[in-house]
Amino acid sequence: MSADLLYEIGVEEIPANAVLPALEQLEAGISQALADCRLEAASISTYGTPRRLALIAEGIPERQPDSVGEYKGPPAQSAFDEQGNPTPAAEGFARSRGVAVSELEIRETEKGRFVFVQVKRPGQPAAEVIPPLLRQVTLELTFPKTMRWGDRDIEFARPLRWLVALLDDQVLDLEIAGVRADRISRGHRVMGEKMVEISSSSAYLAQLAANGVVADHREREKMIVEQANRLAEEVGGHPRIDSGILTEVNFLVEHPTCIRGSFAPRYLELPAEVLVSVLEGHQKAFPVENPAGELMAEFIAVTNAAAGAADVVRQGWERVVVPRLDDAEFYYQHDTRQALVSRLESLKRVTFLKGMGNLYEKTQRLAKLVDWLHGEIGLADEAMRTTAQRAATLCKCDLVTMMVGDSKLAALQGIIGGLYARASGEPEPVAEAVAEHYRPQGPEESIPTSPAGQLLSMADKIDNLAACFRLELIPTGSAAPPALRRQAAGIVEVIVGAEYSLRLSRLIHYALELLPLPANEKTLSLEQAATELQEFFAGRVQAAWEQRGISYDICRAVLGVPWDDIVDATRRAMCLADLKQADPEAFTELVVAGERPARITRPESLPDTLKVDTSLFEHPTETLLLAELTAAQQKVQAALSDEEPDYPAAGEALRSLLTPIHQYFEDVMVMVDDERLRLNRLALLSQIDQLFSRLADFLQIVPPVS
Amino acid sequence: MVFEKLIATLDNYWVAQGCHLSYPYEIEMGAGTMSPDTFLRSLGPEPWRVAYVQPSRRPTDGRYGENPYRLQRYFQYQVLIKPSPDDIQEVYLGSLTVLGIELQDHDIRFVEDDWEAPTLGATGVGWEVWLDGMEITQFTYFQQVGGIPCKPVSVELTYGPERLAMYLQDVDDYRELMWSDDITYGELRYQEEQQFSEYNFDTADVQMLQQLFEMYEREAKATIRAELPLPAYDYVLKCSHAFNLLDSRGAVSVTERHEMILRIRDLARQVAELYLAQREELGFPLLQV
């Protein structure tokens, strides 16, 4: 016999972004708790709206199965006397397990003879086991932010107002935060009954639906998309649905009803980015596009109202959207009345980071940084150098405009700078570089397309990172804030994506040197900051490689030898990963060839000056290996001397050393007592290790099992 | 529904819910939260149920009277109840019904909006209430005030009566709002908006305001030392308004802004602690009521 569980936590509207994560925790928590109590459910599903987190678990055993527990007691010797009579130790043990002494048995173990007992535990009814589990899982839910209410001490995302807890048709005995579980749910605020008596879990969705609540969020999402498409089609367009906005609005409603509103066509003269931001950012509405992909003077809003209210609701929405567009239009006209460059003066009044001067000074550093980067990378296009410097000077000016100052439009920073640069008559490449210099802001966003934008993107990010590390504002390692990690990841993406060969350590040093001397005392020295920042980057480089499918050990191996030129290091990592994929046997040979010399020479901490003296050779194999090594060195040198190094060829040359290396270890005893001989042999092997280290540290690689 | 009727309707409704009616506090302030009726009374264990209108001054919001929605001085209708009742959302929605808003004809939503007043050391958790996409009320469970955790928690409802009235009267400009049956909001207040905007943005004496800020701060500190938190709080409010005026004159840099906010918050915190200590000495009299 099995039973079905319905559990619904009724709350005041919890934040839209908190519902899905809470449902995931609820499902995982209850599934685990049931399994731990031997009450595993056949299936579990969850449903969420702003006012309820619900879970249905079907096929739960009505009782736990009976079980037998085995317990070990005292040693047999102390439990029974020589006549075989129980001692107080045996009686105490039996009492503690609730059995008679006669039920004790003696068994041999590795540590001698011990008393054991088997205790039968009858299974408990699910209705008694489950309530404490529900309570515990509920109280352990975590939210981005919690609150208290009334005079209670409990913390939750929003006040908890009702609980439905049914096992089949039986109400479970449960109380949380002063709320007793019952079978009474709530209908939609205006479309349903205030109280809805739920008869059983199988009737839950239908009974709520009859009271205006579509509890299944997947179903609501379908309804939203379908309605939005239909409404847009009526005016010959289609909705532009941002997936983040879709999720957000879905968890703002219990019964979605889309409405289509319109605004005066003159607002279409606003830049498209601004228009979209107003609709999405302020009102969480979907813009509508015509078949040519141009915005139309329409929007689609997702409401929580009854379909019959649509006309009134539409008028209300239009009345709200228009002033927002008015604001944006006002900002645009106001902001573009003055040239973007004239705002540099205002940047002097905006602090960058406390102790690191103002934003004007930052733009001056950025101009120097892009200039330096241009030279360091060895770019030929001199006009681009000027473009990047101009863009660097202007790129923060939009932060003091009214448009970006509006918190709901602040995400348009950069983009607005680009629009205003254009409106101020700046050259198009300058405007473009300004517009895209924050990119990439996450793994989904591509790097800037223009070279000037790429240089500026790197400059802006390295300046932020250098300042934060110098001020010791960041915990390092995995605790570093995601924003800082994104900055470093952004630089790595630009370097790899645009193939900018440069030495990262030099960039880090240059950026740190440009910063003002921090005034407060708690700072890292320039060298400390440089070291920590370089280390921080290693983590980002590895993450970037792993994202490209390169295995962990190859990442560690390449990062185990100098990787300062990230483009070059990436080529090496890709080359090894490709080889591993395409020819696992050759890959293993390469790894084996590389690791033997490393293993024997590295613990010896040999002096750098050590040279191979052929007059000390005793075996022909030594001469042979040196000849093969010299040939390999020449091949590797040839393969890597070009602008585009040929790492596969270098790897092939290294792999060819496998046989002579094997032969060498067969024939030659390296660690002999004669120090001159020993050092000479180590010198030869050390040269081999150095040659392999041009690619990676092969000791770090876990060879594939063949 | 004319503006004065809207206020009177809310008064009647909240009185029926057990609130006592209070009146505007007579010192310039940016929001109803800053009135001692909310800021100080939300502290400590004493129950409290109050409703009042608070004229609110936000100099930077001025638009010389010309923007149909933005004013540098407007009204907030404020309700504060401690401890927060379990059915407060339903009670709140009831207040919309008495204003003539038939809920089933509209889209009502509670959209997450956590609130923070840096100058008051206050934070809360709650929502913007949307009526057909328009924010009409800020609904907040106080978590901390003056740096002191709230226990029990107060719930604060802040209505924007102009917005609500414009909606109910179906007008798109505050000037056209009927204040009473025979006079408009614009006729009463347009000239004031023009003049105050000009004063706030263009003519207020920056040096004098800076001196006033310093003087008010000194007086607040001295009054706190004299263990008189209620008068001291007046000077905290005056500091805050002087700061807002300096801000609208563009005379506050970002760094200064941060520093001045911290100075005001520090005063507010001291007032809150002193007030609470004195209520405790008195044995929290309202617990006895």
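Visitor: Is Asp107(B) buried or exposed?
Guide: Happy to start there, and keep in mind that this is a predicted model. Asp107(B) sits in the loop between α3 (88-98) and β4 (108-112) of chain B. A residue counts as buried if 20 or more other C-beta atoms lie within 10 Å of its own. Asp107(B) has 27 other C-beta atoms within 10 Å, so Asp107(B) is buried.

Visitor: Which residues of chain A does Asp107(B) touch?
Guide: Let's leave out residues up to four places away in sequence. Within chain B, Asp107(B) then touches Asp132(B) and Gly133(B). On the chain A side, the residues touched are Thr303(A), Asn304(A), Ala305(A), Ala309(A) and Val313(A).

Visitor: What distance separates the C-alpha atoms of Asp107(B) and Met134(B)?
Guide: Along the chain, these two are 27 residues apart. In space, their C-alpha atoms are separated by 9.6 Å.

Visitor: Which element gives the most to the side of chain A that touches chain B?
Guide: Let's look at the whole meeting place of the chains: 31 residues of chain A are in contact with 30 residues of chain B. Both β16 (295-303) and α9 (310-335) of chain A supply at least two residues of the side that touches chain B. With seven residues, the one that gives the most is α9(A).

Visitor: How many residues on the side of chain A that touches chain B are nonpolar?
Guide: We can sort that side into classes. Six of its residues are polar and nine are charged. The nonpolar residues number 16.

Visitor: Why is strand β7 of chain B described as largely enclosed?
Guide: This strand covers residues 134-145. Burial is judged residue by residue, with 20 or more other C-beta atoms within 10 Å as the cut-off. The strand is largely enclosed by the rest of the structure because the buried residues are 10 of the 12.

Visitor: Which residue of β7(B) is the bridge partner of Gly124(B)?
Guide: Strands of a sheet pair through backbone hydrogen bonds, either parallel or antiparallel. Here, strand β6 (residues 122-131) of chain B and β7(B) pair in the antiparallel sense over nine bridges. In β7(B), the partner of Gly124(B) is Phe142(B).

Visitor: Which residue takes a positive phi in the hairpin of β6(B) and β7(B)?
Guide: This hairpin has two residues between the strands. The positive phi there is near 50 degrees, and the residue that takes it is Asp132(B).

Visitor: Which residue in the turn between β7(B) and β8(B) has a positive phi?
Guide: β7(B) also pairs with strand β8 (residues 148-149) of chain B, antiparallel and over two bridges. Val145(B) stands opposite Ile148(B) in β8(B). The two strands form a hairpin with two residues between them, and the turn residue with a positive phi, about 60 degrees, is Gly146(B).

Visitor: Which residue of β9(B) stands opposite Tyr141(B)?
Guide: Strand β9 (residues 155-159) of chain B is another partner of β7(B), with antiparallel pairing over five bridges. Opposite Tyr141(B) in β9(B) stands Val155(B).

Visitor: What distance separates the centres of the two domains of chain B?
Guide: Chain B is divided into domain 1 (3-200) and domain 2 (205-287). In contact across the two are 25 residues of domain 1 and 25 residues of domain 2. The side of domain 1 that touches domain 2 has 13 nonpolar, eight polar and four charged residues. Taken over C-alpha atoms, the centres are separated by 23 Å.

Visitor: Does Asp205(B) count as buried or exposed?
Guide: Asp205(B) lies in the loop between α5 (185-203) and α6 (206-225) of chain B. A residue is exposed if 12 or fewer other C-beta atoms lie within 10 Å of its own. Asp205(B) has 12 C-beta neighbours inside 10 Å, so Asp205(B) counts as exposed.

Visitor: What is the order of the strands in the open sheet of chain A?
Guide: The edge strands are β4 (67-75) and β5 (105-109) of chain A, as each pairs on one side only. β4(A) pairs with strand β6 (residues 112-121) of chain A in the antiparallel sense over seven bridges. In that pairing, Val68(A) has Lys120(A) of β6(A) as its bridge partner. The order of the three strands is β4-β6-β5.

Methods
Residues are numbered from 1 along each chain as its sequence is written. Chains are lettered from A and ligands numbered from 1 in the order in which they are written. This is a predicted model: local features need pLDDT of at least 70, side-chain atom pairs count only at pLDDT 80 or more; totals for chains, interfaces and linings use all residues. Two strands pair if DSSP finds at least two bridges between them. Helices (H or I, at least four residues) and strands (E, at least two) are DSSP runs, numbered from the N terminus. Domain bounds come from an automatic or database domain assignment. Two residues are in contact if their C-beta atoms, placed from the backbone, lie within 7 Å. Ala, Val, Leu, Ile, Met, Phe, Trp, Tyr, Cys and Pro count as nonpolar, Asp, Glu, Lys and Arg as charged, and the others, Gly among them, as polar.
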